[in-house]
Amino acid sequence: MAFTLCSRVATPLLSPSVLRRRLPLVGAFCVLSFGFSNLFVSRTGSALSLPFAPLLRSTFGSQGPARNVHLIKMEGNSAAVPSIVVYVTVPNREAGKKLAESIVKEKLAACVNIVPGIESVYQWKGEIQTDAEELLIIKTRQSLLGALTDHVKANHPYEVPEVIALPINGGSVEYLEWIKSSTKD
């Protein structure tokens, strides 16, 4: 589902009402994974008309004077440390809050967002399973991935917890510096 919503194909795969209901969670995943500029582009390369496009233009000011925002692209000449976003699913709010607090307390991450309302469909021990879950979105240094993975495995209720890391290719200099200063070396 997420792939079809995030693809560059202009063919309408879902009705607008279904898209609006699913867009917040799937859209958040797509934006985090692919960036907004890669979403909803037709085969000709022009942006599709989206019902929320005027809101995005007014909110993010894509047509207007450039804002004084300090952004950094993660390249070799950057002083920022390589950073990542890590996804971990948990069975419920209590487990998520306990794990998130222990991760931040141990300085394995600067921030953990807890996103409710995830429904996961997966195969486990030969059977298709469907479970309500919550998603932890963890921002940390790339160098802490091994220690973070070990911590999740030791403190997670699942036999095989999900730990998936995506690189942060750029962002606010101040935020990336905050990730660095809020995590252990």
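Trainee: Which residue in E4 is the bridge partner of Cys111?
Mentor: This is a predicted model, so the pairing is read from computed coordinates. E3 covers 111–124. E3 and E4 pair in the antiparallel sense over twelve bridges. The E4 partner of Cys111 is Lys139.

Trainee: How many residues lie between E3 and E4 in their hairpin?
Mentor: Lys125 is found in the loop between these two strands. In that turn Lys125 has a positive phi of about 55°. The number of residues between E3 and E4 is two.

Trainee: Is Lys125 buried or exposed?
Mentor: Exposed requires over 50% relative accessible area. Lys125 has 64%, so Lys125 is exposed.

Trainee: Which residue in the loop between H4 and E3 has a positive phi although it is not a glycine?
Mentor: Most residues other than glycine have a negative phi. The residue in question has a phi of about 60°. At 39% relative accessibility, it counts as partly exposed. It sits in the loop between H4 and E3, and it is Lys107.

Trainee: In what order do the four strands form the open sheet?
Mentor: The edge strands are E3 and E5 (164–168), each of which pairs on one side only. E2 and E4 pair in the antiparallel sense over eight bridges. The twist averages 30° from one strand to the next. The order is E3-E4-E2-E5.

Trainee: Which residue in E4 stands opposite Val86?
Mentor: The E2–E4 pairing is antiparallel. Val90 has Glu134 as its bridge partner in E4. Opposite Val86 in E4 stands Ile138.

Trainee: Which elements give two or more residues to the largest nonpolar core?
Mentor: This core has 15 residues. Those touching the most other members are Val88, Leu99, Ile103, Val112, Leu136, Ile138 and Leu148. The elements that give two or more residues are E2 (83–90), H4 (93–105), E4 (127–141) and H5 (145–155).

Trainee: What does Leu136 contact beyond its neighbours within four places in sequence?
Mentor: Leu136 is one of the residues that touch the most other members of the largest core. Its contacts include Val88, Leu99 and Val112, which are on that same list. The full set of contacts is Val86, Tyr87, Val88, Val90, Gly96, Leu99, Val112, Asn113 and Ile114.

Trainee: How many residues are in the second, separate core?
Mentor: Its members include Ile118, Leu135, Ile168 and Leu176. Leu176 is also one of the buried residues of H6. The number of residues in this second core is ten.

Trainee: Why do the buried residues of H5 line one face of the helix?
Mentor: Leu148, Thr149, His151 and Val152 are buried in H5. The face turned away from them carries the exposed residues Asp150, Lys153 and Ala154. Seen down the axis, the buried residues line one face because they fall within an arc of 160°.

Trainee: At what angle does H5 run to E2?
Mentor: H5 lies across E2, E4 and E5. What covers its buried residues includes E2, H4 and E4. The angle to E2 is about 10°.

Trainee: At what angle does H6 run to E4?
Mentor: H6 spans residues 173–182. It lies across E2, E3, E4 and E5. The angle to E4 is about 95°.

Trainee: What arc do the buried residues of H6 cover?
Mentor: These residues are Leu176, Ile179 and Ser182. Their arc puts them on the same side of H6. It is only 135°.

Trainee: How far is Ala110 from Thr183 in space, C-alpha to C-alpha?
Mentor: Ala110 lies in the loop between H4 and E3. Ala110 is buried, with a relative accessible area of 11%. Its contacts include Trp178, Ile179, Ser182 and Thr183. Ala110 and Thr183 are 73 residues apart in sequence, and their distance in space is 5.8 Å.

Trainee: What share of the residues counts as buried?
Mentor: The protein has six helices and six strands. Its accessible surface comes to about 11,900 Å², of which 57% belongs to carbon and sulfur atoms. Of its 185 residues, the share that counts as buried is 32%.

Conventions: Residues are numbered from 1 along each chain as its sequence is written. This is a predicted model: local features need pLDDT of at least 70, side-chain atom pairs count only at pLDDT 80 or more; totals for chains, interfaces and linings use all residues. Side-chain values use heavy atoms; hydrogens and water are left out. A nonpolar core is a set of buried Ala, Val, Leu, Ile, Met, Phe, Trp, Tyr and Cys residues joined through side-chain atoms within 4.5 Å. Buried means under 20% relative accessible area, exposed over 50%, partly exposed in between (1.4 Å probe, protein chains only). Contact means heavy atoms within 4.5 Å. Accessible areas come from the Shrake-Rupley method with a 1.4 Å probe; for residues, only the protein chains shown count as cover. The arc is that of the directions from the helix axis to the C-beta atoms. Two strands pair if DSSP finds at least two bridges between them. Axes are lines fitted to C-alpha atoms, for helices over the stretch in contact, and angles run from 0 to 180 degrees between N-to-C directions.
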